Structure formats: C-alpha cells, structure tokens
Amino acid sequence: MNAFDRNSTALEDFCFDNSSFSDEIDSHSGQIVLCIYLSNQKLGAAYYDTDSSKIFTLNDVAESMDEFSLLIDVLNQVRPTTILFSSKADERLCKLINDFQNNKCQQNGEVEDAENENDLIVVAASEFELSRCKNTVQQFISSVSSDHASVEDKIRATLFVDMESVCMIRALGVLINYCEIESASTDHFGRPVAFCLRSFEVNDMLVMDDNAYESLQIFKKQFHPSVYKAGRDGFKEGFGLFSVCNRCCSSVGAAKLRRWFLRPTRNLNKLKQRLDSIEILSCDSNFHFIQAIQKPLKQIKSVTAIFNRLRAAKVNPSDWISLYKTINACIFVAEFLKNRKNLKVILSEMYDISLEKLQKISSLINELVDFKAMVEERQFAVKSGIDRTLDEKKELLKRLPELLTEVIKSEVDNLPFPIAACTCVYIPTIGYLIAVPRSSSCSKDGDYEKPGLEFMFITNDRVHYKNETMRQLDAELGDVKLDIKDLESSIMISLQNFVLKHATVIQHAVECAATIDCLISMALTAREYNWVRPELVEENVIDVSGSRHPLQELCTAPFVNNSVKSDENEFGKMHVLTGPNACGKSVYLKQVGLLVYLAHIGSFVPASSARIGLVDRICTRLHSTGSINDGMSTFAADVKQVAMATKYATKKSLIIIDEFGKGTLTDVGVALLGACLTYWLERDKCPHVFVSTHLYRLLNILPESPLLRYKTMKVMRQGEDVLFLYSICDGQATESYAACAASKAGLPERVCNRIRQVCQNQKRGYQLFRPESTAEDIKEEFKRMKKLVSAFLNYNLNEHSVMELLTLIRQSN
C-alpha cells in the first residue's frame, strides 16, 4: 500500500492555508487520493495531493442519497486518481464512483490494466471508526508519537479542523493512515517538507459553518413533548427560519427544502429559476393551482427505502400501496403542468418526465395487485384473471371448508374406533389431517396409535392423524396455500423487476414533484409575510431598503424596518455599530445575515426592495459556543470563530461580529477587535463587515478609511428612562444606558441606582466608595489617607528602616 510519497511536516512548519487550489488540480503529474464518507445524509471528504504535499478537507455538507449531486460536483472538481470509501457504503454510491472512474478512463483514452486496478479502494468499515480517526487527526496535527493525544493536542487540533464535522474527520483519518502521511518528514535531499492543511469548497456553493446556522437561528432544535413522537434524538424542529418557510405537503419535499437550506448556492441561473417560479406561484391568478396540486403532493412518499426493500426482496404490502399512490400523484402533477403552458417556467425538468412509462408502471401495478385483498391478508395479492392456475387454486381454497366437511362425513364411519365428532383440517406444509378429541384414557404416546391411522401430533386437546384418504387429498388437491403463495410470489418478482428497471424514471418524477413542493412552500411564505423578490447581481453590493428580521417580526409588533447598505464606493464595506444595551443591534446584525442567506437559497426576502450581490461565505461571531467536549474555553471558541473569518474571508464574503472581545480584559478586547478590523481594512479586498461593540475606545484606534462607516441606534431620553426607537442611523453612541436595561430586566432599583452612581463617578474621574459609607465616613477616610500620604512623603529612608515605615503605616490604620 506504499504507492504514495511520504510527504509531511514538522510541527513548526505546519500551516493552515485557504488559497486557491484550482490551478494546482489542473496541472497534475502526480496522484490525488480522495477519501469520502457519506452517512446520515451528510458528505465529508478529504484528499491528498502528492505533488504539493497538501491535504484538502471538505466539512460535512448535506447530500441527497438519491441524486448525489454534491458528490458528483466533488468528483468533477477534484478529479482524483484514487478513491477510498467504506466497505459498508451504499450500493448506489459504489456504482456512481465506479461509473465515474470508468468514464474518466474512457475520456483519457486509458485501458483498464494492472496499473489501474487500485483506482478504487474499498476500506474496511472499522477503519472509519470515529474515535480512531479523531485520535489519528489529533496526533497528526500535534506531532505526537504516543498512542493517545493529550488534552492540549485535542485543543490544538480543534483550532485547525472542525472536529464536529464527523464525516470529514472519518475521511481525513483514513486518508492519513492509508497514504502513510507522517507528522515529520524530509524530502530525498534531507530538507524538511512544509506540509499544508487546506479547506476546499465545492464550486458555486455558499460556505457556512454550523455556528452560523445556529447563530442565525436557521434551524432550531427543541425537545419534543411527546416521547412517542420525538424520533431518534428526542427533538423536533423548533421556531427557526426553516420551520417558518417549510409549508411542504410531502416528506420528500420537506427533505429537499432542508437540503436547499443546508446548501445555499452562488449559481445565478439556478437562483433566478427558483425566483421566477416563486414569483409566478405567488401571483393571485395561480393560487388555484397551488390548492389543486397540494392534495396529490401529500400522497408522494420517498421511494428510496422502497426500492432498497424491493432489491432485498423484503417489500411489504404498505410499500406497494405507497409506491402506487406516489406514481399516480406524480402523473397527476406532470399532466397538470403540461396542460398549463404559463407554468412551464416552474419546473422545466417536469416536461422531461416520461409520462408513458409512468402510466405503464401504474397501469401494470393496478392490473396485477389486489390492494383490498392485500390489506386484509397483509401479504401480496394478485387480482383474478391474471393467471388461470392461480385463479383455480384460489377458488379451491374458498371451497375447501365445504369440501373437507363432505370428506369427513364419509370418513367418520370408517374410523377404527367410535368417535362422537371429528373434523378434517388443512395445515400448510403438513397437508390434510383428521382431528379427533383427545381421550382421557390416553396417557402415553403408545395409546394414540390406531390401526389404519398414522399419528401426527397433539395440540389443543385434539389428536391429529393421517390416513389414506388424507394422503389422497394431498396428492389431488396439493398444498393449496403454498401453491398460491408461490404463484403470487412469482408474479410479484416479475413486477419487482419491472419496477426496478424503471426505478430511475420514478425517482426522477418524485424529485421533480419534491421541487414543486419546495417552490410552493416558499411562494406561500413570501405571499403570507409580504416578502419581495431580490435582484441578484454579480457586483459586490448589498442594498436593501425596508428590511425586516423574518423571525423577530413575527414576535414583535410593530417591527421597525431598517435599511442595509454596503458596497465599495458609496456606502462603505465595514460598518461599526454602537448603541445602548437592548437597542436592537444584535437583531440588526442577524437580519443582515438572514437577508443575504435567503437570497442565496433562491427565496424572496423580507424587505421593500433588495439588490444583493453574490457572496462566497458567511462568517459569524454572534454568540459564544464553548463546549466541554472540545476542551476549549468560551473565549478560545470566540477567537477561533474570528480566526476562521480572517483566514477564509475574501472581498465577496460577509462577516458578522457581535461584541467580540468582551470575554477578556477590556484593553485586550479592544486590541483584538481593532487588529482584526484593521487587518480587513488594510487589505486590498475588504469583505462586507458588520460589527457591533460596546468597546467605545475602539473608535479611536481604527484607521481612517473610505470603507469604514459608523452606525448607531436611535434612542430618546426621557428623564431616567430611555425609549429605544430601533432605527439605525449614522453616528456613534456615547452611552450604553446599562442601568436602564437592567431595570427593565427586573433588577432591584437599589442595584440600578448603584450602577448609575458608579458609572457617573468613573466618567467624571471621581473616587469610588462603598455604597454603605456616609458623608462623614468619607471625610474621615479622606483625612486619614491624607495624613498617611503626608507621612510617607516626609519619611526619610536614609535615617529609618523599611520596617519602621511599615510600623508607621500600621499605626495609621
């Protein structure tokens, strides 16, 4: 397995780079080893470039197990020579990877020979074990030779890679082990190799980490009150942006909408297509279309699991019912769209659906499957008229009780012992038997033996025998139920093969219907909350008028609109926001992030007008995310978030920072925040930066720049009370009004008064005294201190010792 160069680095040469890598991929003579791991609808990947001795990682991203669209983009972008994947990978994933490698060989004019046998490497699933891969990554980053990384090593690893991206960590750990990349190495000339660990993004994808999703409250988990409906993790979707926008009728539609939310895109054509569709669907003239199509959309189910059970021959009756309803619903949706040419823009792919094939599949299922009997019998059932032999067997089974009654009437007189009553029963596999009541005189097995009868077994106080007549019935009638089951199973297998042959057609139809469900959901949201269509442009600009927070406006009435302006010329790109506590700064910052985010999933936005340029990344530092698991302090977690922004941000990025630097000494916090803002201002390509702070000294240390703007929130002072207007304007705040905010939060008035007293004394440079001190106490304290200072200044150290000075001080106290 030593087919790769062992290139790595010493710890002091370790670097974390985010520079462009597309040029490096295009001109390769070496190997690119890609390791992928797909689990729980998330894809993580890492690849190793042997020419440059660099590892690139892709943090966990939502992936569809039906389309594999993200994986296809990764493969086309990276163009790996070798692919590593788990032995427990999905069969469709393996087929996709194999097809990709085959197509690549054909495009390159290569013939598969011994040299290309190892292009696809199946790695044992145990190698992807999470704790094992985490330890590998931590040791690799920290240059540790021991078997287990220390706490310091784990913290260091957390600063370099996102240890919460489970799939990526698994892929990276296996990649390091397989390629035998070491923590310290030299080249052939004995020179140390500088090793780089980089992050790469998929083309046309807006990058956001889990912290950004959580801070902007795009998804919100909360405990489910019902233990029976809680699901696997005991959570349900809470009040977040996704729950507000999710009006999907089908589970596949909701799943696809979630993928859209988890994978915002910079593909302008795709975004405009979604916006065009939402604009049409939100019109009053098309509202009847939504109402007409929602009912069939509810019938559409995910067919992935059904196809898996079909392939494994473990399909159940409910699967056939769901599949039949899903196909018919897709046919209805496709026909409905095709009959309305004005709706063609909604989903052009829907016109590519082969209606004839869908109708043929639906017709065949309806012709063969007896749904009523299938529900009653809880097994696959075939309609009459399909197979003559099957019909005869079913008719015989219906008449079997009557036939057996006639047989037993003729047999009861021929029994070798007197019996008051007996029955003839049919048991599948065993056949036909005579059942007689058990006699009390029979106490052992030998007592049941009768001449002319073969003893079989005893059950429910009845003794079962088989005689010549029963054997004749076995021969003439056969095992009816098993025969019926065999015949129906044969028909079901033929139907399964036919359905699986057209599985791609069905899957494509379901995906198209799910897309329509998502578009309708977003159109209903835009219509209900009066959102508008944003104008998406390639220019580096954010110009939104009358913007609102999509969640806050649902909880507050009335909500005050604010404009968001940012560009390289007129409005500036760095906006420093100051203002009192609880005046709406944090809401405004989140509002900016959500507006840009909504535009990048192809949604309308809550505003009166919006012109938004495409961004490549949204970085946030909105709230602290310290965790015991990663061993990082709250302040270290805050610094990490800002560090990621400084590493990755480009002029097309959006950075949102709320009160960074408050977790340490004030002077240090001012220095940290000021240095970061200065770093972005002095760069040639400054990103969009929105930052709020209470560190007013920061305003004096920032350099002058045409990109820098100061904003504040309007307030109205009424005596000791403050009225927040929640409206943003140009300028700088001078007071935080913390006492007023504390009073509104419920702190006792005595505490609030003390806050005001301390703040006023500090502002005026007055000395601070304990709150219980009286005016006389303060005067006496001042006299005593004055006397002590005078004694100290007049003390002659040349004539007296230090110990005598200390004695004098003690006496003064």
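**A four-stranded sheet, its helices and the nonpolar cores**

In this predicted model, Thr459 sits across from Arg462, a residue of strand 13. That pair belongs to a bigger pattern: strand 12 and strand 13 (residues 462-466) run antiparallel and are joined by five bridges. Zooming out, the sheet is an open one made of four strands, lined up as 10-11-13-12 with antiparallel pairing. At the edges are strand 10 (423-427) and strand 12 (454-459), each with pairing on one side only. On average, neighbouring strands here are turned by 35° against each other, ignoring direction.

Two helices pack on this sheet. Helix 16 (residues 388-411) touches strand 10 and strand 11 (431-437), and its direction makes about 140° with that of strand 10. Helix 17 (residues 468-477) touches strand 10, strand 11, strand 12 and strand 13, with its direction at about 150° to that of strand 11.

As for the nonpolar interior, the largest core counts 138 residues, and Ile218, Phe261, Trp320, Ile365, Val499 and Ile506 have the most contacts inside it. Helix 19 (residues 503-529) supplies the largest share of this core, 17 residues. Leaving aside residues up to four places away in sequence, Trp320 touches a set of residues including Leu310, Phe371, Met374, Met492 and Val499. Another core lies apart from the largest one; it has 28 residues, among them Val137, Ile141, Val161 and Leu175.

Finally, an unreviewed UniProt entry places the feature "domain: DNA mismatch repair proteins mutS family" at residues 653-669. Over that stretch the chain is 24% helix and 35% strand, and its end C-alpha atoms are 24 Å apart.

Methods
Residues are numbered from 1 along each chain as its sequence is written. This is a predicted model: local features need pLDDT of at least 70, side-chain atom pairs count only at pLDDT 80 or more; totals for chains, interfaces and linings use all residues. Side-chain values use heavy atoms; hydrogens and water are left out. UniProt positions are given in the numbering used here, feature names are shortened, and annotations may be inferred rather than shown by experiment. Two strands pair if DSSP finds at least two bridges between them. Axes are lines fitted to C-alpha atoms, for helices over the stretch in contact, and angles run from 0 to 180 degrees between N-to-C directions. Contact means heavy atoms within 4.5 Å. A nonpolar core is a set of buried Ala, Val, Leu, Ile, Met, Phe, Trp, Tyr and Cys residues joined through side-chain atoms within 4.5 Å. Buried means under 20% relative accessible area, exposed over 50%, partly exposed in between (1.4 Å probe, protein chains only).
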